[in-house]
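Here is a note for someone opening this structure for the first time. Please read the points with the model on screen.

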Amino acid sequence: MAFCYAKLNKVNLEVWHLHFHPSVSFLFGGRLLTMPPSSHSRRRRSIVDDDQSSNSYADEAPTKSGDVESVKRDNSDDSYQNLRKHFTARNLFLYLGLTFVIMMFLIGGFITLAMYLSQNIEYVDLTEACEDIFGKSDNHLAAEKHATEAYEELNATKAILDTKGPYDIPALLTFNHPDLVLSGDDVGVDQYLPTNIYPYHYSVKLRIHMPVNDNDKFKVSGQVRIEFNVTETSKRIYFNIRNINILKANDWKFRKLTVEKGAHSEVRYVEVPEVMKVGTKYFIDLNFTSHADSGMEGIYLSRYLDSSGRVHYTASTQFESMNARRLFPCLDEPYYRSSFTFVVEHPPSYDAYSNMPNMSRTLVEGGQFAQTTFAPLPNSPTYILALLITDDYAVRSTKTKDGTEIRMLARNEFIDDTKIALESAVDALEWFNKNFQIKYSLPKLDIAGIYSFEAGAMENYGLTTYRETCLFLNTKYSTSENEVSSRTVIIHEFLHQWFGNLVTPLDWSQTFMSEGFARFFEKYALSAITGGKEAYSMELAKNIVPIMLIDAKPVHPNDYVFDSALELRHNFDGITYNRAAAVFNMIRGIVGDDIFFAALRSYLSANKNGHAHWRKLAHALQKLSNPIMDRRWSLGTAWPIPIWYRVSSDPDKLKFVMTEPGKDLIITVAHEDDLIFVNSENHGFYIVNYEGQLFDKVRDALIRFDFLDDAVTRFQVDACPLFLTGAVSPLRYYESLNVFYKAKKLVAPPAKHCQETINDFVKDSDIGTLFREHLLELLRDKNEPEMHDRISSVATNFYLDMAEQFEIEQFVSELSCKNNPWTCTAEESHKFENHVLSCQPNDQTANCVRLKPAERALAYCQGIKTQNKKYYDHLVKLFISSRNPFEDTKLMEGLTCAQDSTIISKLFTLITTQNDHINKADRLRHFYSLYGSNPKLVRQLFIRNVNQILNDFPSSANGFLKTALISKTETDYLEVVQLLHDNHALRNRFAHVFRDILNDSRYFIEIKQKIAPKVIQYFKEVHEAKVIAAASNPELCETFGSCI
Ligand SMILES: [Zn+2]
């Protein structure tokens, strides 16, 4: 799964600190919060195991003479505080952001299901029906062969995992929060199924009743035969359902079975009359109806208008993580890989698409339905199955060099805008085919734009699905940032065809083995495909600050075992994606590209059609990598930190050394004045603290040496977290920004990331304007070549540079408007009058408003800010008639700039109630926009309506709650605590979400209390100094407005 990321173009800076998607909150929300608290017990457990902590390092490094630098490793608990007391000015310390060595292995924790409540069902003999549907299927031979292979693969996997080893560290997290004792539906329910059977083939027949008009119900009914192997002698067959009624059930002898409820609400079982024997194959048949809800999980509808104003309904699926069980009864865990045959009946005016190509289409029931039969899908877990039923899609098709068909499926109106996406898809597939040396395994690969789609995209096997904004590109409405986003998201989903689909996480704790690689390859492959040597590490470095900020919070280890569906949603966060990607990149740095790719190939080929587990990759790496890697990483009891460094007297030479656990690392240098630049290549995922005077010395050296661009970048990256934790003072930090700026060596992205966090702390204080002024000074000259030079002096790749440039420009124009509201409003509302008012609701504003796409949101926003009701009414009409997903967002961003409380209440109602005007995929995003404009009022409205909103939009609950309730002040925090106290039902239902909300709020508030006063003090002093200087220089008087 991926989250297609397009930044809101809103003037109000608040918006920068909000989440875009419930699951994306940590991913891009790094700026939201915060830095390490004083205690890191949770993370530490994820870094070192218990044996290791007794093996801790000596306190003081032996720094005996001027020609020796010491590098120490810390594995203590209170990272910064503890580390800092060990310092001497000559020491560097490495702050290890995380480690991947902790591989606690908690497979399953299989539940013992309590049996209660039987559900009687009507008995109908399915013999005839089943023969008719599934008959003497040719697929059975293949399916049975697969069954044997799957069984062997599982045994092999178990053999590796059963070996007692260093990775087996039972590091279950505790999330006890003083203000919240977790209890309720979403806590501690182990949902994994018993493993007494292993399905090898599903035959699924579905009848899909598409609505003809808005009053029609969307209904699905079906039959499934599940064929399985028995792995433990038993009489029970467990499976998952959700919102499904089972009408009939029978066993392989067509005996009626009774469906019973399991211990968890989504588990059912049937008990067969005889004991099933190990190694024998059986099947059950189930008839059912499934109930689609209004959300975007399972099978669901998108509703939209075409250019002629006609309503269309599209049915599509989103199964990850646990939603295949909403369409048909199945063993819905990544552990179970089976083959599948789908037969789908739908209205004849519709077309059906699935993971595999369709084999036949015939009319049935006297032409009332068309029946589409798909080729069998050979080997897949349930979460990447997919269906798409549509009557308004065009198809564009092309082929890769080695003959795989790639098809673009998109709304007719937009198919011409998918050309770039289709081209970049071919590039991506060919690149992966070549570099993994395992050809993509299915005959075709579809790319489908879905009108209402919750995440950014989904890697369904052979039928990848996307938000339309990830695929449609047209200079009339999209920006260069959208193009980069499109390319990276397609690469992400295509990468999953190997990491995720070909080799599937053994269970949800191994999600990082798919998502970490997908995130890693997004930019690595883009750089490789489009040119840009060694771009990846640099790119990662420039944007790593938010990841480090996330990692600084108490977070789960990479392979944390989630115990409920709601909590599992949290697994799709910055830890699982970005931190894992950074760690994989560190591994690449250690072993080098050749060995890294060789290990990936060997891992993929050894486990294809099987299961992913970190240990399996570790084995592949050990076989191929150097002795250090082999010895240390296989033992895994203590993790040697890889250190890359350059010495100032020989800066061209990159040196590498591994720390020896338990020992200080002594690096001998040739000259007394030599300085060491650590991690300049950006492979290491840790922060280097150049303490005290050393910070200034290294900084000055970096200014002096022209050839150390990478080290310059890395130093500026590390400076930010050091500043935010108080290790480096505001004076020192801002002085260094200024020095780099003057030397034209300021690296904009880390500076921007850091200042966004600071802005959150100080924007409401009396230095808010001064602070923004300072930022503008650093970043403003967007149109000057120098600015671009500064960005591209650490050049990575054309596309990545372009996106970066765009992002900084947007940031600057927002800052500018914030500080000069009158000028900005006047200019922009002029644009509104000239360009927007003339557009009529029937026009598409993307065509009608003759402003650049990046300018339009600002013009809409400033028009509304003039508080002219007429403007508002006009813009609402344009919004309601819009058919363009890009423009929808821009228009709503504009609308939510309204300052008037009546208008905000109206918009609140529009956004938080069911209606046809809002694309449900954008509801949360619109809510973020609205909240950003007027947090106080929107928060109050939300709290007043919280039960209704969460009931209407349960799958967006996470995002709504986090947007509205993560608190930036003590008062707001206490309000949330009070809400939990008063509303037990809410607390119990969303306990895990509230745990995050309370944790995030507290860390934000704590860090703010620690850092904000120092920053405020610093800016006041700087300002005073300037005013005093101005007093003796009349020319400067005007700048400051007053002279003393
Ligand atoms: Zn993904």
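1. The disulfide between Cys839 and Cys848 is left-handed, because the torsion about its S-S bond is about -115°. The model is a predicted one, and in it the sulfur atoms of Cys839 and Cys848 are 1.9 Å apart. Cys839 has a relative accessible area of 0% and is therefore buried.

2. How many disulfides does the structure hold? There are three. A disulfide is a covalent bond between the sulfur atoms of two cysteines. One of the three joins Cys861 to Cys897, with an S to S distance of 2.0 Å. The torsion about this S-S bond, between Cys861 and Cys897, is about -100°, so the link is left-handed. Cys861 belongs to helix α25 (residues 853–865), while Cys897 sits in the loop between α27 (885–895) and α28 (901–912), so the bond ties together parts that are 36 residues apart in sequence. Cys861 is buried, at a relative accessible area of 2%. Cys897 also counts as buried, with 2% relative accessibility.

3. A disulfide also links Cys720 and Cys754, with 2.2 Å from S to S. Is the link of Cys720 and Cys754 right-handed or left-handed? With 95° about the S-S bond, the link is right-handed. Cys720 is in helix α17 (residues 709–724) and Cys754 in helix α19 (residues 748–762), so parts 34 residues apart in sequence are tied together by this pair. Both Cys720 and Cys754 are buried.

4. Another cysteine to look at is Cys330, which counts as buried because its relative accessibility is 0%.

5. Glu459 deserves a check by eye. Glu459 is found in the loop between β22 (457–458) and β23 (463–467). Which side chain of opposite charge is nearest to the buried Glu459? That side chain is Arg519, 11 Å away, and Glu459 has no salt bridge. Setting aside residues up to four places away in sequence, Glu459 touches several residues, among them Met1, Tyr383, Ile384, His496 and Asn501. Glu320, Glu493 and Glu515 are also included among the residues that Glu459 touches.

6. Arg467 is part of strand β23. With a relative accessible area of 13%, Arg467 is buried, since the limit for that class is under 20%. What does the side chain of Arg467 reach at 3.3 Å? It is the backbone oxygen of Phe453. Apart from neighbours within four places in sequence, Arg467 is in contact with Ile450, Phe453, Glu454, Ala455 and Gly456, and also with Ala921 and Asp922.

7. Helix α32 (residues 957–965) is largely enclosed by the rest of the structure, because nine of its nine residues are buried. The buried residues of α32 include Asn958, Lys962 and Thr963, as well as Phe960, Leu961 and Leu965.

8. Some figures for the chain as a whole follow. Its secondary structure comes to 36 helices and 30 strands. The chain has 1044 residues, and 65% of them are buried. Of the contacts between residues at least 6 apart in sequence, 76% join residues at least 24 apart. About 36400 Å² of the chain is exposed, and carbon and sulfur atoms supply 50% of that area.

Notes:
Residues numbered from 1 in each chain as written. Predicted model: local features only at pLDDT ≥ 70, side-chain atom pairs only at ≥ 80, totals over all residues. Heavy atoms only, no water. Helix = DSSP H or I, 4+ residues; strand = E, 2+ residues; numbered from the N terminus. Buried < 20%, exposed > 50% of the residue type's maximum accessible area, 1.4 Å probe, protein only. Lys, Arg positive; Asp, Glu negative; His and termini not counted. Salt bridge = Lys/Arg side-chain N within 4 Å of Asp/Glu carboxyl O. Contact = heavy atoms within 4.5 Å. Disulfide = S-S within 2.5 Å. Polar contact = N/O pair within 3.5 Å; in protein donor to acceptor, adjacent residues only side chain to side chain. Areas by Shrake-Rupley, 256 points an atom, 1.4 Å probe, with all protein chains shown as cover.
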